[in-house]
Amino acid sequence: MKNPNKQRLRRTMMFLNAQKPSLIKDPYIYKPDSIMLDLEDAVAENQKDAARFSLYHALKTIDYRGCERVVRINGLDTPYWKEDIRCSVAGGADTIRIPKTESAQDVKMVEWEIEKAEKEFGRPEGSTLIMAALESARGVMRALDICDASERMMGIALSGGDYTKDLMTHITGTGVELMGARQNMIIAARAAHVQCFDTVFTNLDDMEGFRKEVETIHLMGFDGKSIINPRQIDIVHEIFTPTQKEIIFAEKVVTEIDTKKAQGIGVFTVDGKMIDIAFYDGAKRTLRLAKAAGVYKGEV
């Protein structure tokens, strides 16, 4: 079953410790597009069961007001991940995030457990999506295989801290150390028609640096960014939401191409810019993003 939510708007994905009720009871008030309920790194080894209990009841009882609910399970090399999936699917999570993904087989293992859980708990087949975090050189090099591993795959995300450790370097703030991974991942995601998300920016005292990084990944083609604090949401949404100028231009491009195509004209100008059919999909995507973000009311 094809899931209509695969291409939903995901500009921001905010990490939250699934064990802490104070964090997961009302994050929708900040209006992130997605929330990441974390069962992995944020939860101590002896608290995994407690976190799972908290997660299940949050998923079953809290109205997250349209925010996508993503659960980051524990690694596939731990004894926790299968029960994490059962709990998440039983609670009605929208997406499962696989940490430390290094192969298509990792995705297929998770897919198999999700399928079993959907049957066990009576959820519609295919209703639970998958995303994969790439955290190593091996994972980044296999990005396309990972993207293609399942119909449930909605996207891949870079985990910069672990990735740079694997490269034997560190986060510098310049982006140089992440450039290769970012480029490879966005190319793989576009080839596979899934989404791509950038790593977190952890220095909350450097909001100007954060803005510059978001502008960079937006230009590279990313769909959104993982975040750790509500203060980061407005900047990401501003940069990833089409401006009125961009919307008006996209409308003109779509209208002109539709008109000129019917007249047999292939190349023409819009606002002094040379345009042809190759611009059509990009203009349509701008309008779809604008509509999803609530800043465009027209037909797409």
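**Exercise 1. Decide whether Glu213 counts as buried or exposed, then find its surroundings.**

Solution. Start with the accessibility: Glu213 has a relative value of 13%, so it counts as buried, given that buried means under 20%. Keep in mind that this is a predicted model. Next, place the residue: Glu213 belongs to helix α9, which covers residues 207–220. Finally, look around it. If you skip the neighbours within four places in sequence, Glu213 is in contact with Arg182, Asp198, Val200, Phe201 and Lys225.

**Exercise 2. Work out how the eight strands are arranged, and how β2 fits in.**

Solution. Follow the strands in order: β1-β2-β3-β4-β5-β6-β7-β8 form a closed barrel, and the pairing is parallel. On average, neighbouring strands of this sheet are turned by 25° against each other, with direction ignored.

Now zoom in on β2. On one side, β1 (residues 12–17) runs parallel to β2 and is joined to it by five bridges. Phe15 is the residue opposite Met36 in β2. Then turn to β3 (residues 68–72), which also pairs with β2 (residues 34–38) in the parallel sense over five bridges. Here Ser34 has Glu68 as its bridge partner, while Met36 is partnered by Val70.

How do you get from β2 to β3? Together with helix α2 (residues 48–61), the two strands make a β-α-β unit, and this unit is right-handed.

**Exercise 3. Sort the side chains of β2 by the way they point.**

Solution. First, the background: in a regular strand, side chains alternate between the two faces of the sheet. Now check it here. Ser34, Met36 and Asp38 point one way, and Ile35 and Leu37 point the other way. As for cover, five of the five residues in β2 are buried.

**Exercise 4. Find the largest nonpolar core and one of its well-connected residues.**

Solution. The core you want has 60 residues, and those with the most contacts inside it are Leu37, Leu55, Val71, Ile85, Val110, Leu134 and Ile156. Helix α8 (residues 179–192) gives the most to this core, with six residues. A second core lies apart from it; it has 13 residues, among them Ala250, Val253, Ile257 and Tyr280.

Pick Ile156 and list what it touches beyond four places in sequence: the partners include Leu134, Cys147, Met185, Cys196 and Phe197.

**Exercise 5. How many disulfides does the structure have?**

Solution. A search of the whole structure gives zero. Try two cysteines to see how that comes about. For Cys87, the nearest cysteine sulfur belongs to Cys67 and is 19 Å away. For Cys147, the nearest is that of Cys196, at 7.3 Å. A disulfide needs the sulfurs within 2.5 Å, so neither distance qualifies. Both cysteines are buried: Cys87 has a relative accessible area of 10%, and Cys147 has 3%.

**Exercise 6. Describe the backbone and the exposure of Lys100 and Met168.**

Solution. Start from the general rule: most residues other than glycine have a negative phi. Lys100 has a positive phi, near 55°, and Met168 has one of about 65°. Where are they? Lys100 is in the loop between β4 (95–98) and α4 (104–121), and Met168 is in the loop between α7 (160–166) and α8. Last step, the exposure: Lys100 is partly exposed at 38% relative accessible area, whereas Met168 counts as exposed at 78%.

Notes
Residues numbered from 1 in each chain as written. Predicted model: local features only at pLDDT ≥ 70, side-chain atom pairs only at ≥ 80, totals over all residues. Heavy atoms only, no water. Pairing = 2+ DSSP bridges. Helix = DSSP H or I, 4+ residues; strand = E, 2+ residues; numbered from the N terminus. Axes fitted to C-alpha atoms, helices over the stretch in contact; angles between N-to-C directions. Buried < 20%, exposed > 50% of the residue type's maximum accessible area, 1.4 Å probe, protein only. Core = buried A, V, L, I, M, F, W, Y, C linked by side-chain atoms within 4.5 Å. Contact = heavy atoms within 4.5 Å. Right-handed = clockwise from strand over helix to strand, strands pointing away.
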